[in-house]
Structures are given as C-alpha cells and as structure tokens.
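Reader: I am new to reading protein models and would like to go through this one slowly, with the reasoning spelled out. Could we begin with a single residue and work outwards from there?

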Amino acid sequence: MAPALKTTLALQDAKPYAFECPTATTALIIIDIQRDFVDPGGFGSIQCGNDTVFSRARAIVPVVKKLLDAFRSFGGHVIHTREGHEPGLADLPAAKRLRQISNPVGHHSLGIGDQGPMGKLLIRGEYGHDIVDELTPWPDETVIDKPGKGSFWGTNIHRILLARGITHLIFAGVTTECCVSTTLRECADRGYQCIVLEDCTQGFDAQQMTTSLDIISGQDGLFGFVGNSPDFFQAIDRASAKALTQGLALTPPATPMGNKDSEPRFGFLPDESVPSVDQLLTDYRQSIRCPVEVIKSLYKRINQYKDVDPAVWIHLEPEANVLHAATKLVNKYKGKPLPSLYGIPFSVKDTIDVAGVPTTAACPSYAYTPQVSATAVRRVLDAGALFIGKVNLDQLATGLSGCRSPYGTPHSVFSDKHISGGSSSGSCVSVGERLVSFGLATDTAGSGRVPAAFNGIVGFKPTKGTVSARGLVPACRTLDTITVVAPSITEARKIWQVIAHHDPEDPYSKLPHTLPTWHIDYRGPRVGGFTFAVPPPTILKVCKKEYRELFSSAVSALQSCGGTLKEVDYTPFSAAGDLLYDGSLLHERIHCIGHRFLQSNLPDMHPVIRELFDKAMSNPPSVYDAFRDQALQARLTREVQGVFDVLKGGVDVLVVPTTTQHPTIKEMEADPLKLNSELGTFTHCANVVDLCGVSVPAGTWLWGKEGDERKMPFGITILSGSGYDAKVLDIAGVFEEEMMQRETFRL
C-alpha cells in the first residue's frame, strides 16, 4: 500500500447520500469486462441481440480504465471477475445452459460452450473469455473466475476480501442488471459498504439497467449507493490536496516507473534498517531505489552484523548471486507493472526447501539438497522476492529456546545475554535486526511466535493447512505450519496473501470452502468493536512480574481500541497444550523425523535433543494411548472452536502473553527442558486444536543493573478459531496502531 493509509474519500454526490470510504480498505471490483461480453461476436452480443445497444457496453471501457488507473495510483486493491466455465462444462448447470436457448421465440442462436468467432463462448482459456487488453490485470491484482452471475458461488472471493481487510467496494463493469447487481447484493448481505458508479457500468436493457440502479440506492440505500466517476476523481483531488498540506503524498506513480534508467538510484546506509516492504515498493516505482543497490547495502549490513552475532545464518547466498537475481528482476520488469514483492529480500528457515541449497534442519546428518523449492518459497519468488539465505534454528525444529543448534546460538537483537527464542531463531533475528524484510519460518508448538516476541517483531501463524507444507521438513506433520515473521502486521499480511493458497498436492491442505466466512463491520474493529477473552489469573501467575504488568497494560489497550473483555472456560486450551508433549503426539514427531534415523544418529545430536528423544523412544505409547489421544484431541478441538462462535455467545479472539518470561542464555542452558516447556505455556495448544494466531509487540521492560539496563521486548498473541486469520489480523492491526500511538505520545 501507499504511505497515506488513513486517507478517506468522500463521494459527495452519491445517492441516497454521500459515500465515504477509506482508501486502505476499499477495493475496486470490475465485473466481467471480458471480450465475450463487450466485443462483437462474443456471448454478450448474442445475449443483447441489438448491435446498437451492445456497442454501449464497449463504450464504458475508457472511463473504467481511467478509474482503474486512479486506483492503481494510490496502491488500491483491485479485483477483476470473469464469468466462464470449465471446458468440459462440469460446472455449468443444465438450467443455465438450456433456459435461454430453449425459448422458441428467443434470439439466442448459440449457447454457452458453442463455437463463436473468439472461441467457445464463456469457456475458460478461450480468447473471448479473457479481460479486454485495456484493463489487463497487473501481477498483484486478483482475478476471480466465477461460474455464475454473482461472484460468490464457486469462488473464494469472500475469503479474499476478508484476507485483505476490505470494508468498502466500488463497482464497475457489465452488465448492470445482471452480474453487477447480483454481486453487489451478495456483498451487501455480507456487510460490505458498496457503491456502483453509473457511468462505469452498462447493461443490455436500458429499462432494466435504470431499475437496477434505482433499487440499489432506493429506500434510503436498500443495497448500497450509486455514484459517478467525476465525483470519485474530485474526491481523489480533495484528498490529495489535504495530504499535501500535511506534508504527505497520497499517491505513488500511477504507472510503473521502477525500472526506468533514472538517477539517483541508491540502497540505504549500512547503519540504517532495510526499509519496510511498502516503502521499498513505493521507492522502486518512483525510481528512488533500485533492487541492485538495495542488495549491495543489505550485504554490508549483514556482514557487519556477523561480528555482533555470527550464528544467524546457516547458508548465506553469495552476494554476486543475489545481485545477478536482482539484475534479472530489473530487466524482466523494465517498464512493466511490478509484482507484489518485487525486490523484497527474505530469509528462509532451514527446514524449508530452496532448490539447489542444502536443507539441514540444523542437523548435518539429516542434510539433503532439494531440486525443487517449497511451494511457499516458489510463491514469494514468483512474486519478485529475493532469496538471501537459510537461517539457524533449534535442531530438527525441536525447541523454543534457540539454544539447540550445532551452528551456534543466536541471541535476541535486544540483548546478547538473552535467548533469541526458537525454533525459528535465525528467522526472527534476521528480521528483528532488519537484515531482511521478512522471513518464512515454521510454527508447530510456538516456534514462530515465541522468537518473534523475543525480537520485537510480528510472528503470524496461519491456520494449519492454509499454506502448503510441501517442501517442509516435517516436525509433526499433522500440526506443522509455515509462518511469516515480519516487522509489522501490514507486512505480515501482505506476505501471507502471497503464500496462502490451497495446494491439491498437499494432503493436509484445507479446501477454501471448508473454512469459515463471516459478515464484516465496515466501521472496522476500533469503531465496530470486538470481544476477547484472556487466561484466568491462576494461569497467568506463571508469568514473570514484568510480563504480568505488561499483559495487564495490553488488555487495557485492547479495551481502548474497541475490545470488550469476556470470560470463557480456559480448561480445554490448557488440556490441549498438555496433549502436545505429554501424549502420543510427541511420537508423531519421532515418526516424521524417522525412528531409524533417530536411533542411528542420536549420539551425534545436540545434547538436549538427544536427551529429549531418548526419553521419548524409551517409553513408547501403546496403540490404545494413540487412539485415546486422538479422541481427546477431536473433543478439545470441537470445544475450543465453539469458544470463537460469536453467533452463540463466543468471543472473536483469545489474547494471551506470547510466553511467560525472557530467559538469559545461561538460564536456558542450566535447565533446558523445564524452562523450554514453560515458555510454551500459551503456544502449545494452538495447532493441537486448530487455531490461528499472531504475536505482536506489546511494550518493553528493563533488565539489568542500574547503569547497564537493557530495554527488552514483550509480546502478546491474538488467537482465534480455524480460518479466522483475517479477523485476528484486523484486531492485531488496531492494537499495533494503538501501541504505536502510545509510544509516540510518550516520546
């Protein structure tokens, strides 16, 4: 997104009254401006039956193009839809296929699937099915292929809107009386504030078109609003003028500029942090920075930090290789729209495959060199991101300390005395020190959340099965989740949108239609409100005093930004956490790593890992234990998911301290198993009962003696039920904003 995230546009001439929308959460949705609907010889010309009337549909394209350019100018969300069907017509109901062509006095001489001048009518993959050239989608714009008149049947559009935090929709497209109106009504039912711009839509029946628009805005706004594009452009002008008076810029350039040969081009100073993802993308588009120069600056910073902490990287790509990749990227997109992660540097936890780079899992005897990258890695690379290297972790991704690797012990970026957390230690240090913009990590029992809290960054664990685990070394296959670590909620959300896709080749991948959707509150969590619960005092007492105080402050902050505290039964959460290591699930971990491998290689492993697995393998569960635990897990999952059913009195989210304390490295080494277990008090349950969650910074505390005090980070985790990732991120976003405002006020 562009820098001016809080800009609100006001369409003052809208009917039935002025329509206001925040640019950050408003999407332009262009309905079905395909060749099949606006070019001669397509399905639309047959549907219309009148060449003069039909030509008006094509006439709206220039103004829709102007509208699209305006949205792109401020980094707005853009969604295109295309109506069409699979070549075999398996998704085409007989009623839709036969109804119109069966009219004995009708004018439909051809039907869906029949051969037309631009290929088979309304069939995906045919020339006529695609969007017209003038409105060709940019790489980071969403295209929804829908089999119906509306956009919700047979698509994932609702979850896409939720994932992006969309609250308002501006409609354009064809036809007004059919697909535009149908989709707008579907969106209104789900809580979105909608407006259709009447000069950016057209139909095949003038009376039906007029009536459709009247119905939308009639009765004081029955379904939404009706406006026009001049009013929209005036709203942009007013917002831009206001932004300029505040010393801001509403818009980056409307056209891609990031690869033109212009000066100056620079990276950043070695003692500066790598800029945010959004800032880098804006700078690339404006030719303020170039990926090649950013990488040069980044490697200076990385090399300097090796003197501070040499245990971050297991494999660092040679600088020349990354510069070559950056140069190829620049040449590929010269003068073209930039993909969503163009030139963004990232790290990868060394349990996630990158083609041609050894995967070690911090266990040299386990190492192998994959030929294919993990699906999540391929997605970020395809989006233009630049791979910097593989980072350290607790051996075999087993632990929350960061102190269990033969490649050294990273420390927190806040203190060389304190643990980095694990198992995604290197991931969170590389992001916390801003050596990269984001990291792909993992989280089975808290491995992405605990180290995020210890390094003052965001650790987002999506719902398991929503990010492909292909190419991930399994720690516990039924629980493993690839996660995102990033400096902010906005950045974590952006990466998540790139990697969160159903993978039919991953047997644990969830089908999108099995995940929940919910109606949204267009006012957002701060105004619309949300409900949350916290653990009881008897559970919280395990936290250190500083953590209890900071957690109490975080609860107050949540209440001040829209939250209402409610009480829930915490018993199933505790029971689920106990099940992770006290039951047979620990032996799934042994199975995933390989029982024979562990038997053969235990003597060469890290002492703590050796002790942990030796104890487990010497006391295997019975088959009866395994089925008992399986039944208990199913029962606890059902109970916990019910906690988040707001329609039955549940809460939106559960808020917990991410962990209980921040040990020093010496403290962790003195009691590694007991202390590690305690650190997972609030993280162990999440994947057992299928929760999503995000750890977000929530303040700091002082450690050390007077004169040698160190400011240390504290984090909370916001959890919710399976599939409620977007809700968690929405609430975490307003909390993050609240904490930033409080910090600014203190300064």
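Reader: Is Leu396 buried or exposed?
Author: This is a predicted model, and in it Leu396 lies in the loop between S13 and H14. Although Leu396 is not a glycine, its phi is positive, at about 55°. The cut-off for a buried residue is under 20% relative accessible area. Leu396 has 5% relative accessibility, so it counts as buried.

Reader: Which peptide bond is cis, with omega near 5°, and ends at Ser423?
Author: The place of Ser423 is in the loop between strand S13 (386-391) and helix H14 (425-432). Omega is near 5° for the bond that enters this residue, and the cis peptide bond therefore runs to Ser423 from Gly422.

Reader: Where is Pro16, the residue that follows Lys15 across a cis peptide bond?
Author: The bond from Lys15 to Pro16 is cis, with omega near 5°. As for its position along the chain, Pro16 is in the loop between strand S1 (8-11) and strand S2 (19-22).

Reader: What is the relative accessible area of Asp690?
Author: Asp690 is a residue other than glycine with a positive phi, near 65°. Its place is in the loop between H27 and strand S20 (692-703). Asp690 counts as buried, because its relative accessible area is 12%.

Reader: How many residues of helix H21 are buried?
Author: H21 covers residues 585-593, and among its buried members are Leu585, His587, Arg589 and Cys592. These buried residues pack against several helices, including helix H20 (571-582), helix H22 (595-601) and helix H24 (623-643). The helix is largely enclosed by the rest of the structure, because the number of its nine residues that are buried is eight.

Reader: Which residue follows H21, with a positive phi?
Author: The residue after this helix has a phi near 115°, and it is Gly594.

Reader: Which residues form a nonpolar patch on the surface with about 400 Å² of accessible area together?
Author: One member of the patch, Val623, has its place in helix H24. The patch on the surface is nonpolar, and its members are Val623, Tyr624 and Phe627.

Reader: How many salt bridges are there, and how many residues separate Arg35 and Asp133?
Author: The count comes to 33 salt bridges. In one of them the side chains of Arg35 and Asp133 meet, at 2.8 Å from N to O. Arg35 lies in helix H1 (residues 35-38) and Asp133 in the loop between strand S6 (119-120) and strand S7 (142-146), so that the pair links distant parts of the chain, with a separation of 98 residues.

Reader: Of Arg35 and Asp133, which is buried and which is exposed?
Author: Arg35 has 8% relative accessibility and therefore counts as buried. Asp133 has a relative accessible area of 52%, so the exposed partner is Asp133.

Reader: How far apart are the closest N and O atoms of Asp503 and Arg470?
Author: Asp503 is in the loop between helix H16 (489-499) and helix H17 (524-528), and Arg470 is in the loop between strand S15 (458-461) and strand S16 (482-486), so the pair ties together parts that are 33 residues apart in sequence. Asp503 counts as buried, at 5% relative accessibility, whereas Arg470 counts as partly exposed, at 27%. The two residues form a salt bridge, and their closest N and O atoms are apart by 2.6 Å.

Reader: What is the radius of gyration of the chain?
Author: The secondary structure comes to 28 helices and 21 strands. For 747 residues the globule rule gives 27 Å, and the chain's own value is close to that, so the chain is as compact as a globular protein of that length, with a radius of gyration of 27 Å.

Reader: How much of the chain is made up of buried residues?
Author: The C-alpha trace spans about 85 × 65 × 50 Å along its principal axes. The chain exposes about 29500 Å², of which carbon and sulfur atoms supply 52%. Of the 747 residues in the chain, the buried share is 59%.

Reader: Which feature does UniProt list for residues 293-729?
Author: The end C-alpha atoms of residues 293-729 lie 33 Å apart, and the span is 38% helix and 15% strand. In an unreviewed entry, UniProt lists these residues as "domain: Amidase".

Methods: Residues are numbered from 1 along each chain as its sequence is written. This is a predicted model: local features need pLDDT of at least 70, side-chain atom pairs count only at pLDDT 80 or more; totals for chains, interfaces and linings use all residues. Side-chain values use heavy atoms; hydrogens and water are left out. Buried means under 20% relative accessible area, exposed over 50%, partly exposed in between (1.4 Å probe, protein chains only). Helices (H or I, at least four residues) and strands (E, at least two) are DSSP runs, numbered from the N terminus. Contact means heavy atoms within 4.5 Å. A salt bridge is a side-chain nitrogen of Lys or Arg within 4 Å of a carboxyl oxygen of Asp or Glu. Patches are made of residues with over 30% relative accessible area and no salt bridge: like charges are joined within 9 Å, nonpolar side chains (Val, Leu, Ile, Met, Phe, Trp, Tyr) within 5 Å. Accessible areas come from the Shrake-Rupley method with a 1.4 Å probe; for residues, only the protein chains shown count as cover. UniProt positions are given in the numbering used here, feature names are shortened, and annotations may be inferred rather than shown by experiment. The radius of gyration is taken over C-alpha atoms; the globule rule is 2.2 Å times the number of residues to the power 0.38.
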